[in-house]
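Got a few minutes to look at a model with me? I jotted down some points while clicking through the structure, and I'd like you to follow along.

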Amino acid sequence: MTFQVWGWRREASQVWAWVPDAEGRRRAAMPRRTPATKDPTAVERANLLNMAKLSIKGLIESALSFGRTLDSDYPPLQQFFVVMEHCLKHGLKVRKSFLSYNKTIWGPLELVEKLYPEAEEIGASVRDLPGLKTPLGRARAWLRLALMQKKMADYLRCLIIQRDLLSEFYEYHALMMEEEGAVIVGLLVGLNVIDANLCVKGEDLDSQVGVIDFSMYLKNEEDIGNKERNVQIAAILDQKNYVEELNRQLNSTVSSLHSRVDSLEKSNTKLIEELAIAKNNIIKLQEENHQLRSENKLILMKTQQHLEVTKVDVETELQTYKHSRQGLDEMYNEARRQLRDESQLRQDVENELAVQVSMKHEIELAMKLLEKDIHEKQDTLIGLRQQLEEVKAINIEMYQKLQGSEADLKEKNEITARLEEKTNKITAAMRQLEQSSSLSFTQS
């Protein structure tokens, strides 16, 4: 069952809240006047914040006096989970399901696994718990496991920081999207001083009704004066008015659910009528199908008869075709033989033409080579003629030089002859001198 978020209102637009005084005692705050135009969602957030403060403070005080170890049956602990459930539900977007509309806080809590890696273990543990069939039950189990791990404040802190991701699940005016959510997360840090020993596996969390027991927060100390008691009575009346308003809202919700059930019944009736119409259409279609099958049988019989007549005609035409085909085969063989001869003749002509073309190409190539050789020989002949002229000039020059050298040779031969003659005379004189000297030597 879902509840509307808190809004304690009186006829005079007064808001009451229970807050601790300076001495640690609970007292009823003085009513404050709220303008007629004040945002009701802001009032709801303030009331939820006050309830969270009272719940957390009362849980810590009772836990310290009880021994710091709490179990699932401890009333302040149960009320703490109820208050946290209402805080997480505030401003939650309505999601459409198959037959109705619902609100679930499991979506944003499941988002913590992506933002806080250490929360993957608690998410896997919740999904593995047997007996949990609804998202609300899984969310309640998640809150209990987070409290036992003493990391509820850390998990929710990393969740409220990512407001762009929370906007997928919450309205812009929701408690988790405003400053009150950060304040509550800060208050949750104080729960790390207590130890909780909760048995989540065997507890029925799907069918629990999350109703806040206001009587736990309306208790006063004996030293509170009459004035404060009157204030508390007024606060109780305001709470009674809120409960009545909540009851009216629940009644309106029930009436809306009844109207939705009526609309579903009407739609069901309409679907039944459409089903009946569809059945009638199916019967008509079956009759049409039977009629079409009978017509199909008649058409098939007529077609078979027509096929038999056509078959006889085709056989007659086939015999005629066989007789005419013999002559056509002979003509075809003769034409095929002529075509083969002409093809062979054409092949020979093409081969001869190819030979002629190749010979022509060879002759053209030989002519080009011959022309090139002639040009080269002409160039060589011109060079040889030039060389011959040069040799002739050199021969003439050499001949002239030879004639000059022959004259010089004659002169040199004459000079040589005279020199030889002189040499002979000198030799004879020397011999005579030698003889004369030898005679004179022998005589002496």
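Here are my notes, point by point.

1. Start with how far to trust what you see. This is a predicted model, and the mean pLDDT of the chain is 78, with 80% of its residues reaching 70 or more. Two stretches deserve caution: pLDDT stays under 50 over residues 1-36, and again over residues 220-227. The model does have contacts beyond four places in sequence there, 109 for residues 1-36 and nine for residues 220-227.

2. Now the overall picture. The chain has 444 residues, and 26% of them count as buried. Its secondary structure comes to nine helices and eight strands. If you take the contacts with a separation of 6 or more, 72% are between residues 24 or more positions apart.

3. Next, the inside. The largest nonpolar core has 59 residues, and Phe80, Trp142, Met152 and Leu188 are the ones with the most contacts inside it. Helices that each supply at least two residues of this core include H1 (40-66), H2 (75-89), H5 (135-149) and H8 (179-188). As general background, nonpolar side chains in soluble globular proteins tend to be buried together.

4. Zoom in on leucine 188. Which residues does leucine 188 touch, once its neighbours within four places in sequence are left aside? They are Ile56, Phe80, Met84, Met152, Ala153 and Leu156. Two of the names, Phe80 and Met152, should be familiar from the list of residues with the most contacts inside the core.

5. Helix H3 (106-115) is worth a look of its own. Seven of the 10 residues of H3 are buried, so this helix is largely enclosed by the rest of the structure. The buried ones are Trp106, Gly107, Pro108, Leu109, Leu111, Val112 and Glu113. What covers them includes H2, H4, H5, H6 and helix H7 (163-166).

6. Aromatic rings come next: a search of the whole structure finds three aromatic pairs. One of them joins tyrosine 116 and tyrosine 155 edge-to-face, at 5.3 Å centre to centre and with 75° between the planes. Tyrosine 116 lies in the loop between H3 and H4 while tyrosine 155 is in helix H6, so the pair ties together parts that are 39 residues apart in sequence.

7. Stay with tyrosine 155, which is buried with a relative accessible area of 0%. Its ring also pairs with that of tryptophan 142: the centres are 5.6 Å apart and the planes are at 45°, so this pair is tilted. Here helix H5, home of tryptophan 142, is linked to helix H6, across 13 residues. Tryptophan 142 is buried too. Put together, ring pairs link Tyr116, Trp142 and Tyr155 into a cluster.

8. Two side notes on residues around H5. Arginine 144 lies over the face of phenylalanine 81, at 4.3 Å from the ring centre. Lysine 150 sits in the loop between H5 and H6, and its phi is near 60°, a positive value in a residue other than glycine. Most residues other than glycine have a negative phi. Is lysine 150 buried, exposed or partly exposed? Lysine 150 is partly exposed, with a relative accessible area of 31%.

9. Last, a database item. An unreviewed UniProt entry places the feature "coiled-coil region" at residues 261-295 and 332-436. In the model, residues 261-295 are 100% helix and 0% strand, and the end C-alpha atoms of the span lie 50 Å apart.

Note on methods:
Residues are numbered from 1 along each chain as its sequence is written. Side-chain values use heavy atoms; hydrogens and water are left out. A nonpolar core is a set of buried Ala, Val, Leu, Ile, Met, Phe, Trp, Tyr and Cys residues joined through side-chain atoms within 4.5 Å. Buried means under 20% relative accessible area, exposed over 50%, partly exposed in between (1.4 Å probe, protein chains only). Helices (H or I, at least four residues) and strands (E, at least two) are DSSP runs, numbered from the N terminus. Contact means heavy atoms within 4.5 Å. UniProt positions are given in the numbering used here, feature names are shortened, and annotations may be inferred rather than shown by experiment. pLDDT is the predictor's confidence in each residue, from 0 to 100. Rings of Phe, Tyr and Trp (its six-membered ring) pair if their centres lie within 6.5 Å; planes under 30 degrees apart count as stacked, over 60 as edge-to-face and the rest as tilted. A charge sits over a ring if NZ of Lys or CZ of Arg is within 6 Å of the ring centre and within 35 degrees of the ring normal.
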